Amino acid sequence: KRLEPERENLVEIIRRALRDPAPGAESVVEEVVQFLARRPSPDEIIAFRPCARSQERLRELLDKNRESSLTEEEEAELDTFETLNDLFALVKLQARRQPGAAR
């Protein structure tokens, strides 16, 4: 539902985030690319979570965002995290539609 207003632009948004990730977000982009490159099963896709370091960094950025204290670089990094989250929401939705996939 959250992505619906941006559906027309989603492919371009994702392409930009993956092609030119914000400084600081390169490692999570690389993590996602490596995960997808190994052709995970639908159940592995559904279960995927970023590594603990990436999750902690996201928490830090979200906390700073709530405090309105993000730098421009951090805002761009948070945007990359959000783009990857949107991408994975779509990928997980497709994985759940596969026969025999965990719901």
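A helix here is a DSSP run of H or I at least four residues long, and helices are numbered from the N terminus. Keep that numbering handy, because the tour goes by helix number. One more thing before you click: this is a predicted model.

**Stop 1: the whole chain**

Start with a cartoon view. The protein has five helices and zero strands, so from the N terminus the elements read α-α-α-α-α under the DSSP assignment. Now colour by burial: of the 103 residues in the protein, 31% are buried. If you like contact maps, take the contacts with a separation of 6 or more; 59% of them come from residues 24 or more positions apart.

**Stop 2: salt bridges along helix 4**

Select residues 52-66, which is helix 4. How many salt bridges does the structure hold? There are seven, and three of them are worth a look here.

First pick glutamate 56 and arginine 59. Their salt bridge has its closest N and O atoms 3.3 Å apart. Both residues lie in helix 4, three residues apart, or about one turn of the helix. Check the surface, too: glutamate 56 has 37% relative accessibility, so it counts as partly exposed. Arginine 59 also counts as partly exposed, at 43%.

While arginine 59 is still selected, add leucine 78. The two are 19 residues apart along the chain, and their C-alpha atoms are separated by 9.9 Å.

Next, show arginine 57 and glutamate 60. Here the closest N and O atoms of the salt bridge are 3.1 Å apart. Glutamate 60 and arginine 57 are separated by about one helical turn because they sit three residues apart in helix 4. On the accessibility scale, glutamate 60 comes in at 35%, partly exposed, and arginine 57 is partly exposed as well, at 24%.

Then go to aspartate 63 and arginine 66. Their side chains meet in a salt bridge with an N to O distance of 2.4 Å. Again the spacing is three residues in helix 4, so about one helical turn separates aspartate 63 from arginine 66. Is arginine 66 buried or exposed? With a relative accessible area of 61%, arginine 66 is exposed, whereas its partner aspartate 63 is partly exposed at 37%.

Now select Arg57, Glu60, Lys64, Glu74 and Glu77 together. Salt bridges that share partners join these five into one network.

**Stop 3: glutamate 74**

Stay with that network and centre on glutamate 74, which is found in helix 5. Its relative accessible area is 11%, which is under the 20% cut-off, so glutamate 74 counts as buried. What does glutamate 74 touch, not counting residues up to four places away in sequence? The list is Arg57, Leu61, Lys64 and Ser69. Show those as sticks around glutamate 74 to see the contacts.

**Stop 4: the largest pocket**

Switch on a surface and look for the largest pocket, with a volume of about 320 Å³. To find its centre, select Pro50, Leu58, Phe81, Leu84 and Asn85: of the 17 lining residues, these lie nearest to it. Which elements give two or more residues to the lining? They are helix 2 (26-37), helix 4 and helix 5 (72-96). Helix 5 provides the largest share, eight residues. Colour the lining by residue class and you get 11 nonpolar, three polar and three charged.

**Stop 5: the aromatic rings**

Finally, hide the surface and show the rings. A search of the whole structure finds three aromatic pairs. One of them is phenylalanine 35 with phenylalanine 88, a tilted pair with 6.1 Å centre to centre and 40° between the planes. Why does this pair tie together parts that are 53 residues apart in sequence? Because phenylalanine 35 lies in helix 2 and phenylalanine 88 in helix 5. Both rings belong to buried residues. Add Phe48 to the selection, and you have one aromatic cluster made of Phe35, Phe48 and Phe88.

How values were computed
Residues are numbered from 1 along each chain as its sequence is written. This is a predicted model: local features need pLDDT of at least 70, side-chain atom pairs count only at pLDDT 80 or more; totals for chains, interfaces and linings use all residues. Side-chain values use heavy atoms; hydrogens and water are left out. A salt bridge is a side-chain nitrogen of Lys or Arg within 4 Å of a carboxyl oxygen of Asp or Glu. Buried means under 20% relative accessible area, exposed over 50%, partly exposed in between (1.4 Å probe, protein chains only). On a 1 Å grid over the protein atoms alone, a cavity is a set of points where a 1.4 Å probe fits but cannot get out, and a pocket is an open set with protein on both sides within 12 Å along at least five of seven lines; lining residues have an atom within 4 Å of a point. Grid points are joined across faces, edges and corners, and a volume is the space filled by probe spheres set on the points. Ala, Val, Leu, Ile, Met, Phe, Trp, Tyr, Cys and Pro count as nonpolar, Asp, Glu, Lys and Arg as charged, and the others, Gly among them, as polar. Contact means heavy atoms within 4.5 Å. Rings of Phe, Tyr and Trp (its six-membered ring) pair if their centres lie within 6.5 Å; planes under 30 degrees apart count as stacked, over 60 as edge-to-face and the rest as tilted.
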